[in-house]
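This report describes a single protein model, beginning with its surface pocket and continuing to its core and selected residues. The sequence and structure are shown below.

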Amino acid sequence: MSPLEKKRIAAVNAADAITAIGGAPISSYAQSLSVSWAHGELTGKQMKQALLANHLRIAEQEHQSHG
């Protein structure tokens, strides 16, 4: 495991811990993206774009089901 990968895994673990303390759930999709980023399979920008697209899709589905 490279030093960068170790740092990224530590960053993901810290972010997950902070989120858990705040009481917000972490989706399995977000967790899988974080793991992919930590292993260098995605850039930070790609991860953010994927998360945003997923949240927009969920919001649209909610809007359609209540509209």
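## The largest pocket

In this predicted model, the largest pocket is lined by V12, A15, D16, T19, P25, I26, S27, A30, Q31, S34 and L51. The volume of the largest pocket is about 160 Å³. Sorted by class, its lining comprises 6 nonpolar, 4 polar and 1 charged residues.

Two helices, α1 (3-22) and α2 (28-38), each contribute at least two residues to the lining of the largest pocket. The largest share belongs to α1, with 4 residues.

## The nonpolar core

V12, L33, W37, A38, M47 and A50 form the largest nonpolar core, which has 6 residues. Both α2 and α3 (44-66) supply at least two residues each to this core. The most is given by α2, with 3 residues. V12 belongs to this core and is also among the residues that line the largest pocket.

L33, a member of the core, touches L42, M47, A50 and L51 when its neighbours within four places in sequence are left aside. Of these partners, M47 and A50 are themselves core residues, whereas L51 is part of the pocket lining.

## Burial of helix α2

The residues of α2 that are buried are A30, L33, S34, S36, W37 and A38. Elements covering these buried residues include α1 and α3. Among the buried residues of α2, L33, W37 and A38 are members of the largest nonpolar core, while A30 and S34 line the largest pocket.

The spacing of residues along a helix has a general basis. An α-helix has 3.6 residues a turn, so residues three or four places apart point the same way.

## R8 and the end of helix α2

R8 is located in helix α1. Not counting residues up to four places away in sequence, R8 is in contact with W37, A38, G40 and L42. The R8 side chain comes to 2.8 Å from the backbone oxygen of W37. W37 and A38, two of the residues that R8 touches, are buried residues of α2. By contrast, the C-alpha atoms of R8 and N54 are 22 Å apart in space, with these positions 46 residues apart in sequence numbering.

G40 occupies the loop between α2 and α3. Just after α2, G40 adopts a positive phi of about 80°. G40 counts as exposed because its relative accessible area is 53%, and the cut-off for exposure is over 50%. G40 and K7 are 33 residues apart in sequence, and their C-alpha atoms are 11 Å apart in space.

## Accessible positions on α1 and α3

How accessible is L56? L56, which lies in helix α3, is exposed because its relative accessibility is 54%. Measuring C-alpha to C-alpha in the model, L56 and S32 are 18 Å apart in space and 24 residues apart in sequence.

A10 lies in helix α1. With a relative accessible area of 45%, A10 is classed as partly exposed, since that category lies between the cut-offs of 20% and 50%. The C-alpha atoms of A10 and G44 are separated by 15 Å, and the two residues are 34 residues apart along the chain.

Methods:
Residues are numbered from 1 along each chain as its sequence is written. This is a predicted model: local features need pLDDT of at least 70, side-chain atom pairs count only at pLDDT 80 or more; totals for chains, interfaces and linings use all residues. Side-chain values use heavy atoms; hydrogens and water are left out. On a 1 Å grid over the protein atoms alone, a cavity is a set of points where a 1.4 Å probe fits but cannot get out, and a pocket is an open set with protein on both sides within 12 Å along at least five of seven lines; lining residues have an atom within 4 Å of a point. Grid points are joined across faces, edges and corners, and a volume is the space filled by probe spheres set on the points. Ala, Val, Leu, Ile, Met, Phe, Trp, Tyr, Cys and Pro count as nonpolar, Asp, Glu, Lys and Arg as charged, and the others, Gly among them, as polar. Contact means heavy atoms within 4.5 Å. A polar contact is a pair of N or O atoms within 3.5 Å; within protein, one must be able to donate a hydrogen and the other to accept it, and residues adjacent in sequence count only if both atoms are side-chain atoms. A nonpolar core is a set of buried Ala, Val, Leu, Ile, Met, Phe, Trp, Tyr and Cys residues joined through side-chain atoms within 4.5 Å. Buried means under 20% relative accessible area, exposed over 50%, partly exposed in between (1.4 Å probe, protein chains only).
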